[in-house]
Amino acid sequence: MSEPAGPAGRFWSVRRAPAALLAVALLIASGMLLYDIVSVRADRPVAAWRRALTDGLATRTLDDGWVVAGAVAAVALGVWLIVLAVSPGLRGLLPMRADASGMRSGIERSAAAVVLRDRAMEVSGVRDVRVLVGRRRVRALAEAHFRELDAVKADLDAVLDHGIGELGLARPPALSVHVRRPARR
C-alpha cells in the first residue's frame with residue numbers, strides 16, 4: 001500500500017447551479033415585490049387586493065403574531081439555506097487515498113459494507129453477519145453457530161481489519177465486532 005500523496009478531504013456535492021437559480025429567483029421576487037409596493041405608494045392604478053395587502057403590511061406592528069411568525073419562518077429558511085451551503089453533501093461517499101496522479105476516488109458506504117460482509121462470511125463458523133459502515137466506525141454483528149465465540153471474534157477482527165485496509169480509505173474507520181449465538185427456536 002502506498003502512502004497518500006496529499007490530504008483526501010470529503011466530497012462536496014455541486015450546488016452552484018441550484019444556488020444561482022435560487023439567488024436569481026429571490027432577486028426577481030424581491031424586485032417585483034418592491035416595484036409593487038412602490039406602485040401602490042405612488043398611487044398608480046393597481047389591483048384592489050394588492051392595495052389592501054400593502055396597507056395591511058404598513059399598519060401591522062412588529063409584535064403582531066403574523067409578523068413574528070413570518071420573521072421566524074424567514075430566519076429558519078435562511079439558517080437552513082446557510083447550513084446547506086456550508087455543509088458537504090455526499091455523506092454516503094467515503095474518500096479513498098489519493099495517488100500521485102491527483103485522481104480522487106471514493107467508495108459508497110453500502111458498497112464497502114457489502115465487500116466487508118462478503119469477507120466476514122468467509123470466516124469459518126459465521127452463520128450470518130451484518131456490517132454497518134459509518135464515516136468513523138465499522139460495526140459487524142455476527143452470529144456464530146459451531147465455533148467458540150472468542151475464536152470467531154478473533155478471526156473476524158483479523159479479516160475485517162485487513163479488509164478495511166485493502167479498501168484504501170483515506171481515514172480508515174475503527175472496527176467494532178460483536179459475535180453472538182443465534183436465537184434458539
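The following conversation works through a predicted model and asks how some of its descriptions are reached.

User: Why is S39 called buried?

Analyst: S39 is found in helix α1, and its relative accessibility is 7%. Buried means under 20% relative accessible area, so S39, at 7%, counts as buried. Leaving aside neighbours within four places in sequence, S39 is in contact with R44 and V46.

User: What makes I37 partly exposed, when I37 is also found in helix α1?

Analyst: The relative accessible area of I37 is 32%. Since buried means under 20% and exposed means over 50%, with partly exposed in between, the value of 32% makes I37 partly exposed. As for its surroundings, the C-alpha atoms of I37 and R51 are separated by 8.5 Å, although these two residues are 14 residues apart along the chain.

User: How do you know that α1 and α2 are roughly perpendicular to each other?

Analyst: Two packed helices are described by the angle between their axes and the distance between the axes. Helix α1 (residues 16–41) and helix α2 (residues 48–59) pack at an angle of about 95°, and their axes are 10 Å apart. Angles of 65 to 115 degrees count as roughly perpendicular, and α1 and α2 are therefore described in that way. Where they meet, D36, I37, V40 and R41 are the residues in α1, while R50, R51, T54, D55 and A58 are those in α2.

User: Why is α2 said to lie largely in the open?

Analyst: Of the twelve residues of α2, the number buried is one, so α2 lies largely in the open. Helix α2 reaches 17 Å from its first C-alpha to its last, which is close to the 16 Å expected at 1.5 Å a residue.

User: What makes the phi of D43 worth pointing out?

Analyst: Most residues other than glycine have a negative phi. The phi of D43 is near 60°, a positive value in a residue other than glycine. D43 is found in the loop between α1 and α2, and with a relative accessible area of 62%, set against the cut-off of over 50%, D43 is exposed.

User: How do you know that the buried residues of α5 are on the same side of that helix?

Analyst: In α5, the buried residues are V152, L156, L160, G163, I164 and L167. They cover an arc of only 95° around the axis, which puts them on the same side of α5. The face turned away from this buried side carries the exposed residues D150 and D161. What covers the buried residues of α5 includes β2 (106–108), α4 (109–121), β3 (126–133), β4 (137–144) and β5 (174–180).

User: How does the reach of α5 compare with the span expected of it?

Analyst: Helix α5 (residues 149–167) has 19 residues, and the 26 Å from its first C-alpha to its last is close to the 27 Å expected at 1.5 Å a residue. After α5 comes G168, with a positive phi near 75°.

User: Which residues touch the most other members of the largest nonpolar core, and which element gives the most to this core?

Analyst: This core has 23 residues, of which L116, V131, V133, L156 and V179 touch the most other members. At least two residues of the core come from each of α4, β3, β4, α5 and β5, and α5 gives the most, with five residues. In soluble globular proteins, nonpolar side chains tend to be buried together. For V179, the contacts are A142, A144, L149, V152, K153 and L156, not counting residues up to four places away in sequence.

User: Why does S176 count as buried?

Analyst: S176 has its place in strand β5. Its relative accessibility is 16%, and because buried means under 20%, S176 counts as buried. Not counting residues up to four places away in sequence, S176 touches R137, V138, R139 and A140.

User: What makes G92 count as partly exposed?

Analyst: G92 is placed in the loop between α3 (65–86) and β1 (93–95). Its relative accessibility of 37% falls between the cut-offs of 20% and 50%, so G92 counts as partly exposed. G92 touches I107, E108 and R109, not counting residues up to four places away in sequence. From C-alpha to C-alpha, G92 and V133 are 9.5 Å apart in space, while being 41 residues apart in sequence.

Terms used. Residues numbered from 1 in each chain as written. Predicted model: local features only at pLDDT ≥ 70, side-chain atom pairs only at ≥ 80, totals over all residues. Heavy atoms only, no water. Helix = DSSP H or I, 4+ residues; strand = E, 2+ residues; numbered from the N terminus. Expected span 1.5 Å × (residues − 1). Buried < 20%, exposed > 50% of the residue type's maximum accessible area, 1.4 Å probe, protein only. Arc of directions from axis to C-beta. Contact = heavy atoms within 4.5 Å. Core = buried A, V, L, I, M, F, W, Y, C linked by side-chain atoms within 4.5 Å. Axes fitted to C-alpha atoms, helices over the stretch in contact; angles between N-to-C directions. Parallel < 35°, antiparallel > 145°, perpendicular 65-115°, else oblique.
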